[in-house]
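Grab a pencil and open the viewer. We'll work through a few exercises together, one step at a time.

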Amino acid sequence: MRRSFPCGLAGLAVVIALLLLLACGGAVKLPADFQVQLYQGEEVLGGKDIPFSRLFAQGQPVILNFFAGLCPPCRAEMPDLQAVSAQYQGRVILFGLDIGPFVRLGSRQEGAALVQELGVTYPTGTSFDVKVVPAYQVLGMPTTVFLTPDGKVFRTWTGLLTRAKMVELTEQLLKA
């Protein structure tokens with residue numbers, strides 16, 4: 001008697017790939033390189049219009065926070081992100097990417113104004129590359145992606161981050 005897999009060999013290949021992914025800790029290298037137009041942080045990152053990959057040049061982990069100018073949870077978490085950025089300065093690069101125009105939560109001007117209003121000093125900017133949202137699987141706002149120094153996704157957090165949770169996840173990232 002011949003047995004067959006319910007989804008055929010292609011389905012089996014997908015299952016095996018998922019199991020291998022889980023066995024490797026879930027680290028996946030995403031198509032992360034896209035152009036960033038900075039609102040601030042030129043002195044840290046060396047330019048106003050840069051590829052995202054430049055953030056990895058210093059050999060540090062990168063915390064990529066997707067925010068929008070008209071996103072209330074984004075506004076609420078930014079002071080905690082600012083505190084964590086100051087706490088881990090020189091060990092981790094925190095970068096805020098305004099995707100408000102892509103998710104209909106504000107213009108680029110509103111995103112830049114929010115950063116200025118809240119006194120955020122970590123590097124922030126925007127992109128005109130619509131592929132960045134699906135590439136990082138942004139499913140809600142805000143979304144924060146923790147990336148290893150070689151650009152692999154270590155962890156993704158969807159929703160508001162408190163300072164305590166941000167510190168916990170940053171410590172895990174530094175130990176990875």
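Here are three exercises, each with a worked solution.

Before you start: this is a predicted model, where local features need pLDDT of at least 70, side-chain atom pairs count only at pLDDT 80 or more, and totals for chains, interfaces and linings use all residues. Residues are numbered from 1 along each chain as its sequence is written, and side-chain values use heavy atoms, with hydrogens and water left out.

**Exercise 1.** Find the bridge partners of Q37 in β3 and in β6.

Step 1: β2 (residues 35–40) pairs with β3 (residues 49–51) in the antiparallel sense, over three bridges. Pairing takes at least two DSSP bridges, and strands are DSSP E runs of at least two residues.
Step 2: In β3, Q37 has D49 as its bridge partner.
Step 3: β2 also pairs with β6 (residues 124–126), again antiparallel over three bridges, and there Q37 is partnered by T126.

**Exercise 2.** Work out which residues of α5 are buried and which sit exposed on the face turned away.

Step 1: Helices are DSSP H or I runs of at least four residues. In α5 (residues 108–118), R108, G111, L114 and V115 are buried (under 20% relative accessible area, 1.4 Å probe, protein chains only; exposed is over 50%).
Step 2: Those buried residues line one face of the helix, because they fall within an arc of 120° seen down the axis of α5 (using directions from the axis to the C-beta atoms).
Step 3: The face turned away carries exposed Q109, Q116 and E117.

**Exercise 3.** Say which residue follows α5, and give its phi.

Step 1: Move past α5 to G119.
Step 2: The phi of G119 is positive, near 70°.
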